[in-house]
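Work through these exercises with the model open beside you. Try each task before you read its solution.

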Amino acid sequence: MKEEHIAWFAARTRMGHEISVRNRLQELGEEYFIPTKWTLRIRNQKKKEVEVPLVPNLVFIRTTKSRACTLANGGLPIFYLIDHNTHTLLEVPFKQMEDFMRVLDWSPDSLCLSEIPLQVGQKVQIQKGELAGVEGTLLSLPTRTYVLVQLAGLLTAKVQVPKNYLVVLPGTTK
C-alpha cells in the first residue's frame, strides 16, 4: 500500500467558527495554522480583549489527504478549497506556508487579502534579519521596499524590508 504524503490543506469554515475549529483541532492533536490577533472590543460599555482571526473563515491543516477528508466528514465544520487545475484538494506548498507563517508572526498587520497579485516583480529572498530565507516578490514604492509573500494564490502578506537585505533569486527578471 502506498503511503500518503503530508501536505498543508486550505479549508473554509463558517464565520465566527475559526477559534472553535482551532480548539477542536488541538483536541484531536492535528497540526494547523489559523492566524489571529488580539484586539480590544467594547461591548455594553465594558472593554474586553478578544482573539480574532486575521483571515475570516480560513483554516490551514497539515495532514494527509485521507485524514483531511476524515476530519471534514467527522463533524469538523470545514470544507476544503479545490485546486481548479487538479480538481482535488488545494495543497499549499511547504515553503510558501512556512514563509507566510513567519511573515505573519513577525508582523501580523502585514496581511492583505488579495486573490490577485498586487504587482508582479522580481523574485527575491531576504538575506538578513529575522526573516532571512523568506522568499517573495519585490514591490518597490518611491520611499519603501516591500516583499510580497503569496500563499497558493489565496492571500498575500506584505512586509517592509531594507533593500540591502534582499538578493534577487537566480533565473528571475523584472
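**Exercise 1: One salt bridge, two accessibilities**

Arg-62 has a relative accessible area of 29%, so Arg-62 is partly exposed. Buried means under 20% relative accessible area, exposed means over 50%, and partly exposed lies in between (1.4 Å probe, protein chains only). This is a predicted model, in which local features need pLDDT of at least 70, side-chain atom pairs count only at pLDDT 80 or more, and totals for chains, interfaces and linings use all residues. Residues are numbered from 1 along each chain as its sequence is written, and side-chain values use heavy atoms, with hydrogens and water left out.

Task: Find the salt-bridge partner of Arg-62.

Solution:
- Step 1. Apply the criterion: a side-chain nitrogen of Lys or Arg within 4 Å of a carboxyl oxygen of Asp or Glu.
- Step 2. The partner is Glu-31, at 2.9 Å from N to O.
- Step 3. Place the pair. Glu-31 sits in strand 2 (residues 31–33) and Arg-62 in strand 5 (residues 58–64), so the bridge ties together parts that are 31 residues apart in sequence. Strands are DSSP runs of E with at least two residues, helices are runs of H or I with at least four, and both are numbered from the N terminus.
- Step 4. Check the partner's exposure. Glu-31 is partly exposed, at 37% relative accessible area.

**Exercise 2: Helix to strand**

Task: Which residue forms a salt bridge with Arg-22, and which elements does the pair tie together?

Solution:
- Step 1. Glu-51 is the partner, with the closest N and O atoms 2.8 Å apart.
- Step 2. Arg-22 belongs to helix 1 (residues 18–28) and Glu-51 to strand 4 (residues 46–53), so this pair links parts 29 residues apart in sequence.
- Step 3. Arg-22 is buried, with a relative accessible area of 14%. Glu-51 counts as partly exposed, at 22%.

**Exercise 3: Within one helix**

Task: Is Asp-99 buried or exposed, and which side chain does Asp-99 meet in a salt bridge?

Solution:
- Step 1. Asp-99 is buried, at 2% relative accessible area.
- Step 2. Asp-99 meets Lys-95 at 3.0 Å, N to O.
- Step 3. Both residues lie in helix 3 (residues 94–106), four residues apart, or about one turn of the helix.
- Step 4. Lys-95 is partly exposed, at 34%.

**Exercise 4: The whole chain**

Task: How many salt bridges, helices and strands are there?

Solution:
- Step 1. The structure holds five salt bridges.
- Step 2. The chain has three helices and 15 strands.
- Step 3. Add burial: 37% of the 174 residues count as buried.
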